[in-house]
Structure formats: C-alpha cells, structure tokens
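Biologist: I would like a close look at a single part of this structure, taken slowly and with its surroundings. Please walk me through it in one connected answer.

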Amino acid sequence: MRAGTLTLVFGLLWLTAFSPLHCEPKGPLPEEKLLVLTVATKETDGFKRFMRSAQHFNYTVKVLGRGEKWNGGDYMTAPGGGQKVRLLKSALADIKEKDKIILFIDSYDVVFSSGPKELLKKFQQAKHKVVFSAETLIWPDRHLEDKHPHVREGKRFLGAGGFIGYVPNLKEMVSDWSGEDDDSDQLFYTKVYINPAKRKSINITLDSKCRLFQNLHGALDEVVLKFEDGRVRARNVLYDTLPVIVHGNGPTKLQINYLGNYIPNVWTFETGCTVCSEDLRSFSTLKESEFPVVVIGIFIQQPTPFVSAFFERLVNLKYPKNRLNLFIYNQEPHHDKHIRSFLESHEADYKVVKLIGPDEGVDVITSRNIGFDMCRDDIDCEYFFSVDVEVVLKNEDTLKILIELNKPFVAPMMTKPGRLWTNFWGALSADGYYARSEDYVDIVQARRVGIWNVPYVSQVYLLRADVLRSELKDSDLFNSATLDPDMAFCSRVRDQGVFMFVTNMHSFGRVLNTENYQTNHLHNDLWQIFENPVDWEERYIHENYSQILNGNIVENPCPDVYWFPIFTERTCTHLVEEMEHFGQWSGGGNTDTRIQGGYENVPTIDIHMNQVNFEKEWQKFLLDYIAPVTEKMFPGYFTRCISYLNFVVRYKPDEQPLLTPHHDASTFTINIALNSKDIDYQVNESLAQRWRFELRLKMLWQL
C-alpha cells in the first residue's frame with residue numbers, strides 16, 4: 001500500500017515537472033514556434049504601419065476580426081476591448097500545438113522595434129509562461145491597486161495591449177471569458193493577474209522593466225530614440241532597456257506617430273528615408289486622359305498680396321486642366337478683380353469651375369464643406385487639393401508629386417523665408433496647440449528629408465476622395481467650441497485614425513505674410529518689400545539683376561555713367577499707373593510747398609514718393625538693390641543710401657516749358673526710365689507722352 005502511494009506521488013511530481021505549463025525548454029526558442037495574433041476590423045494607416053514593421057522583421061502575423069464591425073468601444077471615453085478577448089479565445093481553440101508561442105498585440109498604435117529572435121530570447125529569460133506588458137498607471141479600476149503584487153523594480157500594473165505566452169496557458173487564461181464585446185479586456189486580464197491562484201497556475205508575470213513591451217502612457221519622459229549603426233529603435237532611459245515592441249496606448253497616439261517616423265529603420269542618418277519610394281502611384285504609364293480627376297479648392301479668406309501671381313502659378317501647374325475642377329471661395333471684395341481676370345482668360349480650360357463670392361454670405365467653415373462636397377459628390381473625383389491663396393506654389397509638379405506618394409492625406413512642406421515657420425506642427429501641447437518636436441528644426445532645414453507623420457498641417461494639402469467619403473464624411477469637421485477651424489479639422493482627422501503626412505523631399509514653395517497688407521492703393525503689392533521681400537523681388541526686380549553683380553552687363557556710355565536693368569516691365573507699369581491713380585501732380589512752377597524753402601530752381605511736373613507713402617519702401621529698395629551696385633562700381637566705398645528727394649516726373653511735349661538743361665544738386669542722380677525700352681532716347685515730336693522716373697539721391701560715402 002505504501003509503495004503504491006509513493007509511486008502515485010512520484011508520478012504526479014513527474015507530470016508536474018514536465019507539464020507544458022512549467023517545463024523550461026533547453027536552448028533558444030525556435031522562431032517558427034512564434035505566431036503573432038492581432039485584431040484589426042479595418043485596415044487603417046496605423047494597421048499598415050504595424051504590418052510594415054512586422055514584415056520588416058519577418059514576423060508571422062494572423063489578423064483576427066477582419067470585416068467585422070468593431071463593437072469594443074473607443075478606449076478614450078470608457079473601458080472596452082472585450083471583442084478582442086472573444087476573438088482571441090476563438091483563435092486559440094483552433095491551435096493544437098501545445099508548444100506554440102502566441103504574441104497577442106494591438107496593431108493600430110504599435111510598431112515592432114526588433115525581431116522574433118530578440119523577443120523570444122527575452123521571453124525565455126522572463127522564466128514564466130505568460131508575460132504581460134506593464135504600466136505605470138492603473139486602469140480602469142483604481143480600487144484594485146492594493147491587490148497588485150509589488151515588484152522589486154519597475155512597473156507593477158498590467159497592460160492588456162500586449163502579452164506573450166504558450167497556447168495552453170493562454171487558453172486557461174481566457175477560458176472563463178463570457179463578457180460582452182464592449183466589456184473591458186484590461187479589467188478582465190487584471191482580475192486574472194491579481195488572483196494569486198490563477199496567477200500561479202497560469203504562470204503570469206509582468207515585463208516590469210520594459211524589456212519586451214514599452215507602453216507609452218505615463219512613460220513619455222522615459223522613451224527616446226536610439227540611433228546606432230544604421231538602426232533606429234526606442235530606448236527606455238529609466239531602466240536602460242531596449243523594448244522589442246512600442247505601444248502608443250491611451251492618449252499617446254501622437255508620440256507613437258512620432259516614433260513611427262523612425263522605427264523600425266524608417267529613417268536613419270545613414271540611409272535617409274527607406275520607405276519613401278514604396279507603394280507609389282506612378283504616372284509613367286498613364287495618358288493625360290487617364291490622370292486622376294482632382295478638385296482644387298482655392299480659399300481667399302483675407303486681403304492677400306500677389307493674388308494675380310497665385311493664379312499665374314495655378315495655370316502653370318503641370319497637370320492636364322481637363323482633369324481639374326476648380327472650387328474658388330472668395331471672402332474679400334478686393335480680390336474680385338483678380339478672380340475675374342483669371343476666369344476671363346482660363347475658365348474654359350478647366351472641366352468645372354464653381355465660384356462663391358463675398359456677396360453670397362457663405363462663412364469660412366461652410367465653404368470648406370462645400371468644397372469637400374464638390375469632390376465627394378463627383379464619382380470621378382479621386383483627390384481634393386486644398387490651397388489657401390497665400391500659398392506660393394513654386395514647384396509646378398507639386399500636384400503630381402503628392403499624388404504619386406499615394407497617401408490618404410499628404411501636404412507639401414511650405415516655409416516662410418528666413419524663419420523656422422512652416423505649415424505643419426511636429427507636436428502638440430497638452431491643450432492642443434503648437435509644440436516643437438525634437439526633429440522639427442532638422443526637417444525644416446532639410447537636414448532630415450522624407451515623409452513625416454505629423455499632428456497638424458494647414459493651408460495646403462491633398463486628400464484622397466475615398467477618405468472624404470468614409471472616415472471624413474461628417475459635415476462638422478471644422479467645428480469646435482474651443483479650437484480654430486484648422487485645428488479642429490486636424491483633430492477630427494487624427495480621431496478617425498487618418499495619418500497626416502508632410503513631405504520635404506522637394507522644394508515646393510513658401511507662404512506669404514498677410515498681417516500688414518493694406519488695400520488702399522491701386523497696386524498694393526508694390527508696398528510688400530518689407531513683409532514679403534522674396535516675392536517682391538520676383539515680381540518687380542529684373543531677372544538679370546544678379547548679372548549686374550556677378551556678370552558683365554553694366555554699360556558705361558561715358559565716364560561715371562552706368563546703365564543696367566533694374567525693374568521688370570510690370571514694375572514700370574505699376575509705378576506709372578499708381579502715380580496716375582494718385583493724380584496729384586505738381587504744377588511745374590518754381591513755387592513748391594512740398595520742399596524745404598518752398599522754391600524749386602528746376603521745376604518739373606512730378607509726384608514725390610512721400611505723397612503716396614512709398615518713402616520707406618523706396619529706401620529699402622535703394623539699400624537692397626542700388627547700394628550693392630554702387631559699391632561694385634566704386635570699389636572701396638560703401639553707402640547708407642541717404643536720399644533727400646525721390647519723385648516720379650511726367651514728361652509731355654510742351655508741358656514743362658521752364659525745364660531747361662541743368663545740373664542736379666546731388667552727389668549723383670539715379671534715373672530709371674519707366675516707359676518702353678529705348679523710347680526715352682528717341683526724338684519724336686508726335687510722341688503723345690513720355691515717362692521717366694527720376695531719383696535725386698544724396699549719397700554719403702566712406703572709405
């Protein structure tokens with residue numbers, strides 16, 4: 001009897017020692033024993049990122065719940081996720097191999113940072129059959145805090161977003177699940193873990209020091225990017241560990257998006273962007289008649305300089321116009337003439353043109369929705385290209401480049417010259433406003449070039465029409481009680497799981513400053529030399545100006561006289577028309593109350609620059625464009641361009657009888673002819689009108 005008892009006890013001990021719940025395999029765990037299970041009811045941008053990272057490391061992934069309606073809640077307003085437990089329980093029932101190792105992980109907000117070999121090694125080193133991710137914060141029931149086992153070092157609360165274990169142990173763990181799809185998976189697993197008997201029977205532990213799993217919620221200050229030997233991964237600086245899996249759980253979606261711009265090896269210092277050439281939509285085999293139909297939404301919400309130039313660039317876009325529909329929203333009566341001029345010349349070139357003017361009383365938010373609907377309702381529309389009128393699209397291939405990237409939402413990076421301002425934000429503050437990401441300056445200054453997942457873009461972006469008809473189909477995308485319309489829109493886009501990308505792979509253009517734009521002149525752009533100097537120069541300075549300084553185009557017809565091009569024809573026309581519009585020409589007599597002393601020795605019919613409030617702008621022009629030329633012509637000297645009298649003179653036959661040959665009372669005089677080329681030097685008695693722009697410039701010279 002005693003011998004039989006001993007035999008029975010020994011047999012039980014033998015079974016216990018070699019049960020798959022407790023035995024420890026010798027040697028490394030085979031990678032083919034690992035299967036990744038995840039739940040994804042639809043293929044979001046986050047899911048595609050997850051799968052790309054899994055494929056990068058050759059994980060075997062099985063997706064559960066495809067095509068199902070998601071009933072598991074949204075995690076942000078209430079606990080949920082029970083649907084994942086149901087799907088896992090069903091999937092485990094079909095797996096018969098007892099030595100199979102299952103990694104169950106979220107997908108929409110997860111990236112792999114390393115491969116199966118490292119994952120299995122760290123799992124084996126944990127010396128438990130089931131290992132859960134760990135968190136700093138307890139959720140969803142804080143009353144269970146005291147029931148959690150204390151750990152010697154690290155995090156002590158269970159995270160349900162990721163765990164790894166053997167099939168028999170996991171089957172036992174989920175065997176009691178009978179909850180609803182919207183019940184809390186986190187609470188279910190937590191109650192299993194804090195039950196000492198179940199914890200011991202299933203052999204569960206936590207990855208307290210983030211060796212396998214890194215949950216970002218409550219740990220943002222712990223995680224940094226580690227660049228080393230052509231590889232990028234996350235590093236937990238608190239525990240000095242390199243997690244295999246990074247999970248942007250809870251309200252940390254922006255941070256996982258930031259990390260996902262680099263992990264795994266999406267961008268490195270050695271290789272640059274490694275995914276920018278993937279999954280492109282090529283135009284190379286398409287006829288122009290096969291190009292995607294695009295609705296271009298043009299929005300004019302404030303007085304803006306260089307609107308005529310905007311429409312000129314629109315016409316010059318390298319895209320067939322019969323594949324473009326235009327939606328133009330104009331809130332400013334001042335710009336009616338610019339739109340009218342554009343439409344008179346080019347409306348017939350486009351497939352469809354819809355215009356909403358300032359007299360129709362349509363507000364800004366409604367106009368955006370109408371523009372979106374123009375694309376949504378057109379079955380042929382594949383993209384909506386939104387462009388605010390202050391955007392300067394210098395790259396004529398912009399539209400094709402963005403479409404080729406094949407993203408649901410992508411924007412070209414736009415800057416403001418000489419500033420770190422761009423049309424995207426790299427991060428957000430706690431209240432949803434601007435914050436600077438660690439890589440922002442490098443991206444703006446093109447030290448890092450690629451395609452970047454960012455939380456906010458504005459002013460110009462390309463949206464795929466299928467996204468407008470599905471995730472972004474609501475009419476309240478721009479409405480918010482606390483946020484501006486553009487911020488509200490980006491918030492809704494993020495909430496729908498749509499990634500907003502910005503690319504700096506090409507130079508696209510810039511954005512104008514509109515803060516101080518005045519509309520009380522005829523040609524208001526002339527006054528933009530301070531606010532938008534680059535655009536002012538492109539519009540008004542002669543294209544060959546740089547050759548004056550670097551080439552040999554300055555003529556020297558006689559000693560100390562130099563001829564060179566300085567203005568475009570547009571400048572001359574605008575100056576003449578501006579003076580005529582002002583119309584207050586002097587009488588051409590010796591009495592002139594505008595000047596000191598009131599007496600003009602050599603009277604002309606003219607308008608002084610200060611009469612049209614152009615004195616400061618003219619001084620800026622002299623300093624930026626005339627001073628460099630004088631310093632080249634007279635080496636060893638420099639000038640501060642102090643000018644005492646700047647004016648436009650009008651010449652007509654027999655109009656100025658008192659004007660006789662004379663010497664100007666200045667160190668030297670700059671004369672700029674505003675009329676047609678060479679006409680100022682012709683003798684033509686029948687000439688109805690001649691123009692010359694005369695500048696009397698007093699220069700102070702210094703060695």
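Are Tyr 59 and Phe 112 buried or exposed? Please begin with the sheet and work outwards to the ring pairs.

Modeller: Please keep in mind that this is a predicted model. To take your question at once, Tyr 59 and Phe 112 are both buried, and the sheet gives them their setting.

That sheet is open and consists of 3 strands in the order 4-11-8, with mixed pairing. Strand 4 (110–112) and strand 8 (213–215) stand at its edges, and because each has a single partner strand, one side of each is left without a neighbour in the sheet. On average, and with direction ignored, neighbouring strands here are turned by 15° against each other. Strand 4 pairs with strand 11 (residues 245–247) over 3 bridges in the antiparallel sense, and within this pairing Val 110 has His 247 of strand 11 as its bridge partner.

His 247 also leads to the other edge, since its side chain is joined to that of Asn 215 by a polar contact of 3.0 Å. Asn 215 lies in strand 8 and, at a relative accessibility of 3%, counts as buried because the cut-off for that class is under 20%. A polar contact, again at 3.0 Å, links the side chain of Asn 215 to the side chain of Ser 133. If neighbours within four places in sequence are left aside, the residues in contact with Asn 215 are Ser 133, Ala 134, Glu 135, Gly 159, His 247 and Asn 249.

Turning to the rings, a search of the whole structure finds 47 aromatic pairs. In the pair you asked about, the ring centres of Tyr 59 and Phe 112 lie 4.0 Å apart with their planes at 20°, so the pair is stacked. This pair links distant parts of the chain, 53 residues apart, with Tyr 59 in the loop between helix 2 (45–56) and strand 2 (61–64) and Phe 112 in strand 4.

A second pair may be set beside it: the rings of Trp 536 and Phe 621 have their centres 6.4 Å apart and their planes at 55°, so this pair is tilted. Here too distant parts of the chain are linked, with Trp 536 in helix 16 (residues 533–540) and Phe 621 in helix 19 (residues 615–633), 85 residues apart. Both Trp 536 and Phe 621 are buried, and they belong to a cluster linked by ring pairs that also includes, among others, Trp 527, Tyr 540 and Trp 618.

How values were computed:
Residues numbered from 1 in each chain as written. Predicted model: local features only at pLDDT ≥ 70, side-chain atom pairs only at ≥ 80, totals over all residues. Heavy atoms only, no water. Pairing = 2+ DSSP bridges. Helix = DSSP H or I, 4+ residues; strand = E, 2+ residues; numbered from the N terminus. Axes fitted to C-alpha atoms, helices over the stretch in contact; angles between N-to-C directions. Buried < 20%, exposed > 50% of the residue type's maximum accessible area, 1.4 Å probe, protein only. Polar contact = N/O pair within 3.5 Å; in protein donor to acceptor, adjacent residues only side chain to side chain. Contact = heavy atoms within 4.5 Å. Phe/Tyr/Trp six-rings, centres within 6.5 Å; stacked < 30°, edge-to-face > 60°.
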